[in-house]
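Subject: Structure for your files

Dear colleague,

Here is the structure I said I would pass on. My notes follow below it.

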Amino acid sequence: KGLLSKIKIFDKLGNDKKRQHTVEKDLQFIDILGKKIVNKEVKIYWSNKVEQEVDKILLDNNIDQFVHIHPVSRWMFKCWEDERMAKVVDYFQQEKKLKVIITGAPVKNELDRVDNILALCKTGPINLSGKLTLKHLACLSSKAKLFFGVDTAPMHMAAATNTPVVALFGASYPAIWGSWDNSSNEQLFQDKDGIQTNGLHHMVSNMDHEIFYENEVKKSRGMTAIGIIEVLNTIKGKL
């Protein structure tokens, strides 16, 4: 509303769409420059040293095939119910005989949330929460048979390594933030309830974004509405 608001600082503006995926939004500058987009593949890189360190972690824990689960988010209302997350961990390890590696950020509320999930598990997953850098996390995801989690940066990183993702969306918009599929170079997830597919990736979504508090914990109606049965059915189909 001041002087700066009256000054035109750009000579060209991007064509923002209301439900445009963030990858395509970030590529608008290519069109503005008058260039052609030939590939929309998202990639992430790490050093040989990081690769060797992750391989050693897997070797030390005698892990071959595994599932990477990142159950927590910086925004706690994006998290799923802890007991349901624990049931998924047990499903992978008991029914599918796949080891589970759990990760989380080195932040107290995330570490506490992971500890609570672990306490509810009947099986013993490997917990690397707070022990990995982002590059180590991405490298770990690249070696996983599947990534399972909620809408987080690690979910996008796993997709960037072309590891199949099963994600839960009940507090954000799939059309904007769904896991990007590098093989199709387009977004097929929609802002709707149910099970969806985009190339390698699957999603269980609920669009009730009402925020409420339960025992002083901030939650999303959509996340609490996602049931364990539909999630396990999605995982079964993927595996």
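I start with one loop residue. Leaving aside neighbours within four places in sequence, D208 is in contact with G170, S220, R221 and G222. D208 sits in the loop between β7 (201-205) and β8. Its contact partner G170 is 38 residues away in sequence, yet the two C-alpha atoms are 6.7 Å apart. D208 counts as partly exposed, because its relative accessibility of 35% falls between the cut-offs of 20% and 50%. Please keep in mind throughout that this is a predicted model.

Overall picture

The protein has 10 helices and nine strands. Its radius of gyration is 19 Å, which agrees with the value near 18 Å that a compact globule of 239 residues would have. Along the principal axes, the C-alpha trace spans about 60 × 45 × 35 Å.

Of the 239 residues, 46% count as buried. The accessible surface comes to about 13000 Å², and carbon and sulfur atoms account for 52% of that area. If contacts are restricted to residues at least 6 apart in sequence, 62% of them join residues at least 24 apart. As for charge, there are 34 positive and 29 negative charges, and the mean positions of the two sets are 4 Å apart.

Aromatic pairs

How many aromatic pairs does a search of the whole structure find? It finds two. One of the pairs is made by W80 and F148: the ring centres are 6.4 Å apart and the planes are at 70 degrees, so the pair is edge-to-face. W80 lies in the loop between β1 (66-70) and α4 (82-95), whereas F148 belongs to strand β4 (residues 146-150), so the pair ties together parts that are 68 residues apart in sequence. W80 is buried, at 1% relative accessibility, and F148 is buried as well, with a relative accessible area of 0%.

Helix α6 and the loop before it

Helix α6 covers residues 134-142, and its buried residues are H136, L137, A138, C139, L140 and S141. Which elements do the buried residues of α6 pack against? They pack against the helices α3 (48-60) and α7 (153-160) and the strands β1, β2 and β4. Strand β4 is also the one that holds F148 of the aromatic pair.

L132 is found in the loop between β3 (126-127) and α6. Is L132 buried or exposed? It is buried: its relative accessible area is 18%, and the cut-off for buried is under 20%. Not counting residues up to four places away in sequence, L132 touches I57, T103, L137 and L140. Of these, L137 and L140 are among the buried residues of α6. The C-alpha atoms of L132 and G149 are separated by 17 Å, with their positions 17 residues apart along the chain.

Positive phi

Most residues other than glycine have a negative phi. Two residues are worth listing on this point.

- K97 has a phi near 55 degrees, a positive value in a residue other than glycine. Its place is in the loop between α4 and β2 (99-102), and it is exposed, with a relative accessible area of 67%.
- E216 has a phi near 70 degrees, also positive and also in a residue other than glycine. It lies in the loop between β8 (211-214) and β9 (217-220), and at 79% relative accessibility it counts as exposed.

Another loop position

N185 is in the loop between α8 (174-177) and β6 (194-198). At 21% relative accessibility N185 counts as partly exposed, since buried would need a value under 20%. What does N185 touch, not counting residues up to four places away in sequence? Its contacts are N39, K40, E41 and W180. By contrast with these contacts, F29 is 17 Å from N185, C-alpha to C-alpha, and the two are 156 residues apart in sequence.

That is what I have on this model.

Best regards

Note on methods: Residues numbered from 1 in each chain as written. Predicted model: local features only at pLDDT ≥ 70, side-chain atom pairs only at ≥ 80, totals over all residues. Heavy atoms only, no water. Helix = DSSP H or I, 4+ residues; strand = E, 2+ residues; numbered from the N terminus. Rg over C-alpha atoms; globule rule 2.2 N^0.38 Å. Buried < 20%, exposed > 50% of the residue type's maximum accessible area, 1.4 Å probe, protein only. Contact = heavy atoms within 4.5 Å. Areas by Shrake-Rupley, 256 points an atom, 1.4 Å probe, with all protein chains shown as cover. Lys, Arg positive; Asp, Glu negative; His and termini not counted. Charge placed at Lys NZ, Arg CZ, Asp CG, Glu CD. Phe/Tyr/Trp six-rings, centres within 6.5 Å; stacked < 30°, edge-to-face > 60°.
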